[in-house]
Every structure is written in C-alpha cells, then in structure tokens.
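Work through the exercises below with the sequence and the coordinates at hand, and try each task before reading its solution.

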Amino acid sequence: MTRDDWVDRRLYPFRPRYQDVGPGRMHYVDEGEGPVVVLVHGTPTWSFLYRHLIRELSRDHRVIALDHLGFGLSDKPTGWSYRPEDHARNLEHLIEHLELRDITLVVHDFGGPIGLSYAIRHPQTVRALVLFNTWMWSLEGTPTERVSKFMGGPVGRFLYTRLNLSPRVLLKAAFGDKRKLTREVHRHYIEAFSTPEERYGPWVLARELIGSSDWYESLWQHRSHLAAKPSLILWGMKDPAFGRDALERWQAALTNARTIEFPEAGHFVQEESPEEVARAIRTFLSGVARAVEIPSPPSAARD
C-alpha cells in the first residue's frame with residue numbers, strides 16, 4: 001500500500017479513491033458534479049500535475065484524475081509490465097467501472113497514446129479532446145530513438161532506478177522557465193518514487209518510447225476516429241521533446257481543433273501557466289456545451 005504522508009494536502013486537498021485493476025490498486029480523484037472530464041498524465045508525473053485544473057473545473061464538472069500504476073499514490077507492484085498499452089487497459093477499466101459517458105478527455109505526454117487509445121476504441125463515449133504536449137505515432141528515426149535506447153539500457157536503468165533521474169533532473173530540464181518549478185512542487189514529483197523499486201515504472205516508459213512503436217503506429221493509423229471531435233491543443237513551444245513539428249502533426253490530424261501556443265512554456269504547461277490553462281479549458285468546455293445538448297450523466301457509486 002502506497003503511503004501518502006509526503007503529500008501536502010494544502011496543495012492537493014482531494015479525497016483519495018482506489019480501484020483494483022488486478023496487479024494493484026490504482027489511485028484516482030473524483031471531484032465535482034456535471035459533465036465528465038478525465039485527466040490522463042504521463043511520466044514522471046501523477047494527478048498532482050492537474051491539481052489546478054481539478055480545483056477549477058470541479059466547480060461545475062465531474063473531474064476524474066487517475067494515477068497510473070507505478071506513479072503517484074497508486075500501487076507500484078513488482079513484476080508488472082508498465083507498458084503504455086497495459087496502462088491504457090487500466091484506464092479503460094476505470095472508465096467502465098465508473099460508467100462514465102460523454103467524456104472530455106485531457107491528455108499529456110504518455111497520457112496521449114494511453115488516453116487517446118480509449119477514444120479510438122470508444123469514440124461514442126468521448127465528446128471532446130484536450131491535448132497538451134504529446135504524441136501518438138512511432139518515434140523511430142527521430143532523436144528520441146537514440147535517447148530511448150540509451151535510457152532503456154543498463155546505464156539508463158541505473159540512472160532511473162538508483163538516482164531517480166527522471167523527476168530529479170529530466171522533469172526540471174523540460175521546463176521553459178525553471179523558476180516556475182518551486183522546491184515544494186518539485187518535491188511532490190521526487191518523493192512519489194522513494195525507492196529504487198518504485199522507480200521501475202518511469203524507466204519502463206523511457207524504454208517504451210521506442211519499444212512500443214508498433215502500438216503507437218497502430219493508433220495513428222486510426223486517427224480518423226478522432227479527427228472531427230471538438231479539440232483544444234495547448235502547446236508549450238519550448239518543449240525539448242515535442243516541439244512545433246509534433247504540434248503541426250496534430251493540427252493536420254484534428255480538423256476541428258483550436259490551438260493555443262505558450263511561447264515561453266516547456267513540456268509541463270500545466271505547471272508553468274496554470275491560470276491561463278484553466279481559463280482556456282473552461283472556455284472550450286463552455287463552447288462544447290453550447291454546441292451539443294448535454295444529457296445528464298448517469299449516476300455511479302463512488303468508492
């Protein structure tokens with residue numbers, strides 16, 4: 001069972017909930033009432049990344065934010081795969097357990113392929129999309145391939161599991177303005193992985209940037225399922241991993257999308273520009289609500 005005494009509840013004041021997904025318990029928060037918004041994080045983050053959005057949107061939406069197994073307040077079982085395709089199955093399990101419908105799906109980083117795979121498989125359940133810096137195609141032949149192969153090897157595994165490289169170093173390096181990452185906020189990403197055993201999940205995802213290429217490409221081949229959905233793209237332009245090329249690829253794929261660029265932000269726009277992000281998503285959701293008659297979501301028991 002994952003301890004949570006390292007979490008400052010003034011920053012993250014949400015009631016913890018858990019769902020058994022087989023290999024372990026997956027933590028999530030379920031706040032507010034109204035149209036459903038599901039927030040899906042990547043690495044090395046957890047639902048803490050979305051704390052500002054949870055507080056803001058839960059005033060008039062039902063907001064679900066999960067922690068993938070191996071991340072945040074979820075269990076970190078040994079011997080599980082931690083591949084993105086298996087994280088996607090856990091997400092689908094949670095959505096089905098909560099009987100969620102008419103979802104606005106918000107994704108970032110690995111949350112892109114993990115979350116959008118659900119939208120591809122169940123397009124009738126997902127009303128709208130919000131994308132932060134992410135991808136959903138093979139990264140073979142890009143600079144990421146070399147990084148992934150190095151990090152997926154023995155040296156990379158040592159750096160990830162023994163030195164906690166991902167939250168300690170790589171997370172901060174991906175900020176456009178590193179002053180936006182305060183010591184207290186940074187601590188909530190570092191302490192989520194307190195032992196070498198708990199750091200296995202982020203290392204697997206580093207390896208699977210390339211290791212899951214066939215799965216990513218299979219998703220991309222079905223991008224037409226997403227093309228016409230109302231979409232909002234919020235993009236940090238100083239992202240060292242997913243820059244303008246990736247943004248333009250999404251803009252070509254999503255024909256009903258509006259884009260807001262954040263020129264000074266890096267990979268973690270949610271941390272660098274939280275107020276602007278919240279306003280943009282709230283405005284977008286209001287537009288979606290006006291364009292589509294929203295049925296009352298079915299009530300579901302909360303654990």
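**Exercise 1. Describe the surface of the chain and its charged side chains.**

Solution. In this predicted model, the exposed surface of the chain comes to about 12600 Å², and carbon and sulfur atoms supply 50% of that area. Turning to charge, the chain carries 39 positive and 39 negative side chains, and the centres of these two sets are 3 Å apart.

**Exercise 2. Decide how the overall size of the chain compares with that of a globular protein of its length.**

Solution. Begin with the secondary structure, which comprises 12 helices and 8 strands. The globule rule gives 19 Å for 303 residues, and the radius of gyration of the chain is 18 Å, close to that value, so the chain is as compact as a globular protein of that length. Next, take the extents of the C-alpha trace along its principal axes, which are about 55 × 40 × 35 Å. Then consider burial, for which 59% of the 303 residues qualify. Finally, among contacts between residues at least 6 apart in sequence, 78% join residues at least 24 apart.

**Exercise 3. Check the length of helix α8, and establish where its buried residues pack.**

Solution. Helix α8 covers residues 200-211, and at 1.5 Å a residue its 12 residues should span 16 Å; the end C-alpha atoms lie 15 Å apart, which agrees. As for burial, with under 20% relative accessible area as the cut-off, 9 of the 12 residues of α8 are buried, and the helix is therefore mostly covered. Among these buried residues are Trp203, Leu205, Glu208 and Ile210. The last step is to identify the packing partners of the buried residues, which are α2 (84-98), α4 (143-151), α5 (154-161) and α9 (213-220).

Note on methods: Residues are numbered from 1 along each chain as its sequence is written. This is a predicted model: local features need pLDDT of at least 70, side-chain atom pairs count only at pLDDT 80 or more; totals for chains, interfaces and linings use all residues. Side-chain values use heavy atoms; hydrogens and water are left out. Helices (H or I, at least four residues) and strands (E, at least two) are DSSP runs, numbered from the N terminus. The radius of gyration is taken over C-alpha atoms; the globule rule is 2.2 Å times the number of residues to the power 0.38. Buried means under 20% relative accessible area, exposed over 50%, partly exposed in between (1.4 Å probe, protein chains only). Contact means heavy atoms within 4.5 Å. Accessible areas come from the Shrake-Rupley method with a 1.4 Å probe; for residues, only the protein chains shown count as cover. Lys and Arg count as positive and Asp and Glu as negative; His and the chain ends are not counted. The place of a charge is taken as NZ of Lys, CZ of Arg, CG of Asp or CD of Glu. The expected span of a helix is 1.5 Å times one less than its number of residues.
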